[in-house]
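I opened this notebook to record what I looked up in one protein structure. The entries follow the order in which I checked each topic.

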Amino acid sequence: MKSLIIDASSAILLYKSGLFLDLLHHYRVLCVERVFAEMTRSGYTGADTFARLYRKRKFKVIQPPDTVPHLLLTTPAPARLHQGERDTLTAFLDDAADFILTDDGRAASFCRNANIPYTCALLCPRILYHAGLISPSACSIHTDSILAIGRYSKSVVAYALECPPQNLDFFIPAA
């Protein structure tokens, strides 16, 4: 089963759009402790559900390694990231997961520049559709929902709506 490490904004977007449980069903989902604390903060949408799913061991909370990878130390971009995203990148660079799921623009930019495989919540419906796991209508409904609640640049929206299916192949869950 493919594994992904998720940030709080992506988890919340997928929860609000009704896709978080699908994600848990098809991937080994991980998050770092700081992200879990944000996901379960009182008053946040889905906080109780995330806590319940964690108690049921539907996803795993991990501690990033104490040593910060050289890539994060020698690049100025991580200094502008929130600690949860830095911890997520640190855990990924310690081989915690196959890819990162982030909707943080700075984290996505860092991943792009460092050739780290990543995707965002907006692409999840297309990935699941491309894998044959959801119908075309479900893909459309979930995509519209994420577009309505997420904050995406025009270029991210254009890519998500027009990206060739072969660009999604890496993210397809293993059978």
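**Entry 1: the sheet**

Which residue in S3 is the bridge partner of Cys31? I looked it up in the model, which is predicted, and found that the partner is Val61. I then checked a second position and noted that Leu30 stands opposite Lys60 in S3. S2 and strand S3, residues 60–62, are joined by three bridges and run parallel.

Next I turned to strand S1, residues 3–6. Three bridges connect S1 with S2, and these two strands also run parallel. For Leu4, I found the bridge partner in S2 to be Val29.

I then asked in what order the strands of the sheet lie. The sheet is open, has five strands, and reads S3-S2-S1-S4-S5, with parallel pairing. S3 and strand S5 (118–119) are the edge strands, since each of them pairs on one side only. As background, I noted that strands of a sheet pair through backbone hydrogen bonds, either parallel or antiparallel.

Is strand S2 mostly covered or mostly open? I recorded that S2, residues 28–32, is mostly covered, with four of its five residues buried.

**Entry 2: the cavity**

I reminded myself that rolling a probe the size of a water molecule over the atoms shows where empty space is left. How many cavities of 30 Å³ or more does a search of the whole structure find? The search finds one. I noted a volume of about 50 Å³ for the largest cavity.

I then listed its lining. The residues are Leu4, Leu23, Tyr27, Phe99, Leu101, Thr119, Cys124, Ile127, Leu128 and Phe171. Leu4, already noted as the bridge partner of Val29, is thus also one of the lining residues. Strand S4 (99–101) and helix H8 (124–130) each supply at least two residues of this lining. H8 gives the most, with three residues. By type, I counted nine nonpolar residues, one polar residue and no charged residue in the lining.

**Entry 3: the salt bridge**

Side chains of opposite charge can pair when their charged atoms come close. I found a count of one salt bridge in the model. The side chains of Asp87 and Arg34 form this salt bridge, with 2.6 Å from N to O. The pair links distant parts of the chain: Asp87 belongs to helix H6 (residues 83–93) and Arg34 to helix H3 (residues 33–39), and the two are 53 residues apart.

I also asked whether each partner is buried or exposed. Asp87 is buried because its relative accessible area is 7%, under the 20% limit. Arg34 counts as partly exposed because its relative accessibility is 47%, which lies between 20% and 50%.

**Entry 4: Met1**

Where does Met1 lie? I placed Met1 in the segment before S1. Met1 counts as exposed because its relative accessibility is 65%, over the 50% limit.

Which residues does Met1 touch, not counting residues up to four places away in sequence? I recorded His25, His26, Tyr27, Arg28, Asp98 and Ala174. Among these, Tyr27 also appears in the lining of the largest cavity. Finally, I noted that the C-alpha atoms of Met1 and Val29 are separated by 10.0 Å, while the two residues are 28 residues apart along the chain.

Conventions. Residues numbered from 1 in each chain as written. Predicted model: local features only at pLDDT ≥ 70, side-chain atom pairs only at ≥ 80, totals over all residues. Heavy atoms only, no water. Buried < 20%, exposed > 50% of the residue type's maximum accessible area, 1.4 Å probe, protein only. Pairing = 2+ DSSP bridges. 1 Å grid on protein atoms, 1.4 Å probe; cavity = no way out; pocket = protein on both sides within 12 Å on 5 of 7 lines; lining within 4 Å. Points joined across faces, edges and corners; volume = space filled by probe spheres on them. Nonpolar A, V, L, I, M, F, W, Y, C, P; charged D, E, K, R; others polar. Salt bridge = Lys/Arg side-chain N within 4 Å of Asp/Glu carboxyl O. Contact = heavy atoms within 4.5 Å.
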